[in-house]
Amino acid sequence: MMDKYVYNDGIQKLMMSLTGTIPVLFEDKVYKIPICLWIEETYPQTAPICYIRPTCEMMLLRGKYVSNNGEVMLPYLQEWNSDCDLVSLLQVMAVIFGDFPPVCLRPHLEPEQASCWLQVNKQAEVDKQIDGSVYLSLAREDGKSFQQENETNC
């Protein structure tokens with residue numbers, strides 16, 4: 001689908017977004033890893049921008065090939081050339097993520113922990129915009145608002 005992508009510098013661009021799951025073999029079980037690939041106008045000369053998109057039941061695991069915000073950083077993407085393609089990219093992801101899983105199941109909270117978690121997280125305000133985007137506002141300990149340059153779009 002066509003969607004709005006926001007670069008780290010705040011510039012927005014309408015790009016093709018491919019979203020789905022890839023099967024990954026980890027410890028003799030197949031897991032479906034949710035991903036999103038953003039295709040720029042310059043594709044296939046430039047690599048897609050790739051993200052892991054964990055579901056509510058999953059936690060993102062930052063590591064050698066995945067950043068804090070879920071961006072995929074594979075050598076295949078960094079060395080992208082005219083011989084590279086999306087099918088090969090997905091195959092490389094499946095192999096690498098079998099060795100270095102990018103997500104895990106979110107632990108179930110005990111009732112005492114759940115109560116504490118709810119107290120902490122009810123301070124966050126979630127605003128859904130008309131365009132479907134969602135914003136999460138967190139209060140700082142000193143009650144002041146965060147600076148705009150600390151905002152993240154995901």
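Colleague: Let's start with Cys56: is it buried or exposed?
Modeller: Keep in mind that this is a predicted model. The cut-off for exposed is over 50% relative accessible area. Cys56 has a relative accessible area of 67%, so it counts as exposed.

Colleague: And Cys50, buried or exposed?
Modeller: For this one, the cut-off to use is under 20% relative accessible area, which is what buried means. Cys50 has a relative accessible area of 1%, so the word for it is buried.

Colleague: Which cysteine has the sulfur nearest to that of Cys50, and how far away is it?
Modeller: A search of the whole structure turns up 0 disulfides. Cys50 is in no disulfide either, and a disulfide would need the two sulfur atoms within 2.5 Å. The nearest cysteine sulfur belongs to Cys36, at 8.7 Å.

Colleague: Which residue is the bridge partner of Cys36 in β4?
Modeller: Strand β4 covers residues 49-52, and 4 bridges join β3 to it, with the two strands running antiparallel. Within that pairing, the partner of Cys36 in β4 is Tyr51.

Colleague: What about the other side of that pairing: how many bridges join β2 to β3?
Modeller: Strand β2 takes in residues 12-26 and β3 takes in residues 29-39, and they run antiparallel. One of the pairs is Thr21 with Pro34 in β3. The number of bridges joining β2 to β3 is 11.

Colleague: Which residues does Ser17 contact, leaving aside its neighbours within four places in sequence?
Modeller: Ser17 sits in strand β2, and at 6% relative accessibility it counts as buried. Its side chain also makes a polar contact of 3.4 Å with the side chain of Thr19. Leaving aside neighbours within four places in sequence, the contacts of Ser17 are Met1, Asp3, Cys36, Leu37 and Trp38.

Colleague: Now the turn between β2 and β3: what is the phi of Asp28?
Modeller: Most residues other than glycine have a negative phi. The hairpin of β2 and β3 has 2 residues between the strands, and Glu27 there takes a positive phi near 50°. Glu27 is exposed at 65% relative accessibility, and Asp28 is exposed at 75%. Asp28, in the loop between β2 and β3, has a positive phi too, near 65°.

Colleague: Last one: what is the omega of the peptide bond from Tyr43 to Pro44?
Modeller: Most peptide bonds are trans. Pro44 is in the loop between β3 and β4. The bond from Tyr43 to Pro44 is cis, with omega near 15°.

Notes. Residues numbered from 1 in each chain as written. Predicted model: local features only at pLDDT ≥ 70, side-chain atom pairs only at ≥ 80, totals over all residues. Heavy atoms only, no water. Buried < 20%, exposed > 50% of the residue type's maximum accessible area, 1.4 Å probe, protein only. Pairing = 2+ DSSP bridges. Helix = DSSP H or I, 4+ residues; strand = E, 2+ residues; numbered from the N terminus. Polar contact = N/O pair within 3.5 Å; in protein donor to acceptor, adjacent residues only side chain to side chain. Contact = heavy atoms within 4.5 Å.
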